[in-house]
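Hello,

Here is the structure you were expecting. My notes follow below it.

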Number of protein chains: 2
Amino acid sequence: MAAKASRKPLSRQRVLAAAVGLADAQGIQALTMRRLAAELDVEAMSLYYHLRDKEALLDGVVETVIAEIVAAVGRLEANGGRTDWRTRLRQQFLTARDVMLRHPWAPVLLGSRRTIPADVYTYYDEIVGTLVAAGFSYHLAHRALHAFGSLPLGFAQELFSPASAGGSMEDDAAEADAAAMAETLPHLTAMMAAEIHDAADPTLGWCDGQVEFEFTLDLLLNGLERLHG
Amino acid sequence: MAAKASRKPLSRQRVLAAAVGLADAQGIQALTMRRLAAELDVEAMSLYYHLRDKEALLDGVVETVIAEIVAAVGRLEANGGRTDWRTRLRQQFLTARDVMLRHPWAPVLLGSRRTIPADVYTYYDEIVGTLVAAGFSYHLAHRALHAFGSLPLGFAQELFSPASAGGSMEDDAAEADAAAMAETLPHLTAMMAAEIHDAADPTLGWCDGQVEFEFTLDLLLNGLERLHG
DNA sequence: ACCTGAACACCGTTCAAGT
DNA sequence: ACCTGAACACCGTTCAAGT
């Protein structure tokens, strides 16, 4: 599937990188010990030399993705001069989202893990630092963290089409025909009609993940700005 | 584990109810065809008479939980007289949360499904109806839906301790001792200290899921109120 | 109509053994 | 130090068969 580097000896790092690649290419349900081993030209049991068990593998995979996000955000810091807290956090979260879009299975996986990688704490610590430096009380900063949820990692809290980036509700609802839908879902139908009518390109006007993400983000940032006044 | 109703014949409904119960009691990873069958005093293969396969089982389980939420919200409507859109949605989302807290595995499960139960669309249709009746444009209502994410179903978008309702970050971070933590996570440490100091009961003052949920919810509702002016 | 036994493919994991 | 073969327990699923 991928070009195989053949006979370099395995390592935890190489195993985890291959695991992320496998999940990206085939979906998270394809990430089994046996298939991962095959991908690495090795027997399944060899993996147990580098990782305690599958739980450790999944923890390592989450860790790897988080590290990728944190690194991307870190590179931002390097250039990014002095800006106000709002545009700073905004940039960070949007950068995180860029990375996350390459690993659409990651939000659900992270959500199902019991332990959180240490990197995440470091990252959230910086966010608190940014807020407090801008004059937030610790109390409001704390509330802000909870309100952000996993937005700082680039996860939209979208209900619809959580697995794919682009699609949305019409894909699912399209099964029922338009007339029936107009009857049972009058407001959603009217909403879609109004949105499509307004949009320049009717095929693209409905549900743009990037636009929605930024809207939600700004809604939260502006709300916090008001509270901290 | 549960009292068994012995020899009444199975049905899709009974199977799904048992599945929800099993997930509640033992966690979602305990929900296997074989264990579920055992719980129902039946062989695993019998389940296939009522459900096509495990995917259909999981879809049915999600469906069942959603139906429970929608029903609870529906009972609200019965009494609830005329109120403004904000308190109305607020009540609905908080009611949904009450139900959801009894099925802490549900958010992750729903997030991993490809198809969304029809009930969800009906529910979100009502939300759009409420917003539009209050004077929202369809465009803003659309944005609002995305911003809400799964809040209407009572899901907090909490990053920490997604599986349990009460716990939070200190549980995980407590492994490292306080001194080391103060060094690597100065802002979070200071934040915790400030919060605990302010709280009446120091053991309860940190991370109250209910309070945080309501804060986030109000942040969004107030932000939307401003935009719709 | 409703349930089952035997069988198969695939999974995670242990353990003792190879180089 | 790093990898493997054989074996086990558990999983989802098919199929032909029972009542």
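Chain B and chain A share 2 salt bridges (a side-chain nitrogen of Lys or Arg within 4 Å of a carboxyl oxygen of Asp or Glu). In a salt bridge, the side chain of B:R143 meets that of A:E212, at 3.5 Å from N to O. Polar contacts across this interface link 12 residue pairs, both residues at pLDDT 80 or more. A polar contact is a pair of N or O atoms within 3.5 Å; within protein, one must be able to donate a hydrogen and the other to accept it, and residues adjacent in sequence count only if both atoms are side-chain atoms.

A caution on the source: this is a predicted model, with local features needing pLDDT of at least 70, side-chain atom pairs counting only at pLDDT 80 or more, and totals for chains, interfaces and linings using all residues. Residues are numbered from 1 along each chain as its sequence is written, chains are lettered from A and ligands numbered from 1 in the order in which they are written, and side-chain values use heavy atoms, without hydrogens and water.

Now the extent of the interface. Chain B gives 57 residues to the contact and chain A gives 57 (heavy atoms within 4.5 Å). About 5300 Å² is buried between the two chains, 70% of it from carbon and sulfur atoms. Buried area is the accessible area (1.4 Å probe) that two parts lose on being put together, summed over both. B:Y121, B:H146 and B:L159 supply 14% of what chain B buries against chain A, more than any other three residues.

Best regards
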